[in-house]
Amino acid sequence: MEFDFEKLDGTQQYKLLGSTVTPRPIAWVSTVGADGRLNAAPFSFFNVFGEDPAILGFSILHRSESDPKDTGANVRLREEFVVNLVSEDNLDKMNISAIEFPSHFSEFSEAGLTPARSTKIETPRIAESHVAFECRLTQIVPLSPLRSLVLGEVVHMYVKDDAVIDAQKCYIDTRKLKLVGRMEANTYVRTSDILHLPRIPFDSWTPVKTTALP
């Protein structure tokens, strides 16, 4: 089956992308509003895009042109944010924070989240998260009237102690983090089913015959 994206609307394109580009890591973004209220919201259009400088990016779909998400407004105001990762043991709290609460609500309070002081920025991380990236805003790229891409530079990182194998060598026991990924619709996947696939050295590669396109 072929799908012509130039003939599909945004909802149709989202369904196709969201159900096939999986699993996706989840950016559980904590921010601070103008009134000091703590905000937390999950975004699964998220990934890392560089290492020197270390750049993370997540995409926000606003409710409407006149009603943007609190996260975007807070990031523009403070020019910083924390990307917390989601593990099996905090998945339910993440799901609560995804509720479309009015702006005068704090997802920290509603989901029972604990703010933990960050090291290099004012925005707190989520203490329940096993991994947190303190980020300073690099740029916000408008993708459409309703969607924007937020890019930030990681200036500090927290990893829970028992998942650190060797701090000097920056070795992390990823399996101990028990991270979850977003699948289609309201489904998620655990990362406990690991496949080890060594890279193939060029010297041992045997070319295969290719088939020309019809």
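How much space lies in the second largest pocket? In this predicted model, the second largest pocket holds about 330 Å³ of space.

**View 1. The second largest pocket and its lining.** The pocket is lined by 18 residues. Closest to its centre are Pro 25, Ile 26, Phe 46, Leu 85 and Leu 179. Three elements each give two or more residues to this lining: β3 (46–51), α5 (174–177) and β12 (180–182). The largest share, 3 residues, comes from β3. By class, the lining of the second largest pocket divides into 12 nonpolar, 4 polar and 2 charged residues.

**View 2. The largest pocket and its lining.** About 690 Å³ of space lies in this pocket. Its lining is made up of 28 residues, and those closest to the centre are Pro 42, Phe 43, Lys 69, Ala 98 and Glu 100. Strands β2 (38–43) and β4 (54–61) give two or more residues each, as do helices α2 (70–78) and α3 (91–97). With 5 residues, β2 gives the most to the lining of the largest pocket. The lining residues comprise 13 nonpolar, 8 polar and 7 charged.

**View 3. Ser 118 in its loop.** Ser 118 sits in the loop that joins β6 (115–116) to β7 (125–126). Is this loop residue buried or exposed? Ser 118 counts as buried because its relative accessibility is 8%, below the 20% cut-off. Its side chain reaches the backbone oxygen of Thr 123 at 2.5 Å. Neighbours within four places in sequence aside, Ser 118 is in contact with Val 82, Thr 123, Pro 124, Arg 125 and Glu 134. Thr 123 therefore appears both as the residue whose backbone oxygen the side chain reaches and among the contacts of Ser 118, a residue buried at 8% relative accessibility.

**View 4. Cys 135, a buried cysteine.** Cys 135 is in no disulfide. The nearest cysteine sulfur, that of Cys 170, is 17 Å away. Cys 135 counts as buried, because its relative accessibility is 0%.

**View 5. Cys 170, an exposed cysteine.** Why does Cys 170 form no bond with Cys 135? The sulfur of Cys 170 is 17 Å from that of Cys 135, its closest cysteine sulfur, which is too far for a bond. A disulfide needs the two sulfur atoms within 2.5 Å. By this rule the count comes to 0 disulfides. Cys 170 is exposed, with a relative accessible area of 61%, whereas Cys 135 is buried at 0%.

How values were computed
Residues numbered from 1 in each chain as written. Predicted model: local features only at pLDDT ≥ 70, side-chain atom pairs only at ≥ 80, totals over all residues. Heavy atoms only, no water. 1 Å grid on protein atoms, 1.4 Å probe; cavity = no way out; pocket = protein on both sides within 12 Å on 5 of 7 lines; lining within 4 Å. Points joined across faces, edges and corners; volume = space filled by probe spheres on them. Helix = DSSP H or I, 4+ residues; strand = E, 2+ residues; numbered from the N terminus. Nonpolar A, V, L, I, M, F, W, Y, C, P; charged D, E, K, R; others polar. Buried < 20%, exposed > 50% of the residue type's maximum accessible area, 1.4 Å probe, protein only. Polar contact = N/O pair within 3.5 Å; in protein donor to acceptor, adjacent residues only side chain to side chain. Contact = heavy atoms within 4.5 Å.
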